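Please open the structure in your viewer and keep the selection tool at hand. The stops below go from the whole chain to single side chains.

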Amino acid sequence: SPQAENLLCRLQENFQALTEKLTLRNILFGTWVIFNFLLEEMGERINDLEKRVADLMTEAGVENSNEELR
């Protein structure tokens, strides 16, 4: 019947919209996870670089502390 077809069509449209929302949410979540990982990785590299600079300054006989460098 036309009513059944109409209902089925609406169900398909709703399912398609839900699928698109879930796909978008998964993409955004995945992007957020990757972004956070990269920020953490970058922070670790910056900390490592600061330590290496401090070590080099100590080797060179420079007596500045980290607080004075900032």
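**The whole chain**

Begin with everything selected: of the 70 residues in the chain, buried residues make up 1%. The model shown here is a predicted one, and its secondary structure comes to two helices and zero strands. If you display the surface, you are looking at about 6800 Å² that the chain exposes, of which carbon and sulfur atoms supply 61%.

**The aromatic pair**

Now select Phe29 and Trp32, which both lie in helix H1, three residues apart, or about one turn of the helix. A search of the whole structure finds one aromatic pair. The ring centres of Phe29 and Trp32 are 5.9 Å apart and their planes stand at 25 degrees, so this pair is stacked. Phe29 counts as exposed, at 52% relative accessibility, and Trp32 counts as exposed as well, at 53% relative accessibility.

**A nonpolar patch**

Next, select Phe35, Leu39, Met42 and Ile46 and show their surface, where they form a nonpolar patch with about 380 Å² of accessible area together. Within this patch, pick out Met42, which lies in helix H1, the helix made of residues 2–59. Is Met42 buried or exposed, or does it count as partly exposed? Its relative accessibility is 47%, so Met42 counts as partly exposed, given that exposed means over 50%.

**The salt bridges**

How many salt bridges does a search of the whole structure find? The search finds three, and you can visit them one after another.

Select Glu41 and Arg45, which form a salt bridge whose closest N and O atoms are 3.8 Å apart. Glu41 and Arg45 are separated by about one helical turn, because they are four residues apart in helix H1. Glu41 is partly exposed, with a relative accessible area of 28%, whereas Arg45 is exposed, with a relative accessible area of 59%.

Go on to Asp48 and Arg52, where the closest N and O atoms of the salt bridge are 3.1 Å apart. These residues, too, are four residues apart in helix H1, so about one helical turn separates Arg52 and Asp48. Arg52 is exposed at a relative accessible area of 53%, while Asp48 counts as partly exposed at 35% relative accessibility.

Finish with Lys51 and Asp55, whose salt bridge has its closest N and O atoms 3.0 Å apart. Asp55 and Lys51 are four residues apart in helix H1, and therefore separated by about one helical turn. Asp55 is partly exposed, with a relative accessible area of 35%, and Lys51 counts as exposed at 52% relative accessibility.

How values were computed:
Residues numbered from 1 in each chain as written. Predicted model: local features only at pLDDT ≥ 70, side-chain atom pairs only at ≥ 80, totals over all residues. Heavy atoms only, no water. Buried < 20%, exposed > 50% of the residue type's maximum accessible area, 1.4 Å probe, protein only. Areas by Shrake-Rupley, 256 points an atom, 1.4 Å probe, with all protein chains shown as cover. Patch = residues over 30% accessible without salt bridge, like charges linked within 9 Å, V, L, I, M, F, W, Y side chains within 5 Å. Salt bridge = Lys/Arg side-chain N within 4 Å of Asp/Glu carboxyl O. Phe/Tyr/Trp six-rings, centres within 6.5 Å; stacked < 30°, edge-to-face > 60°.
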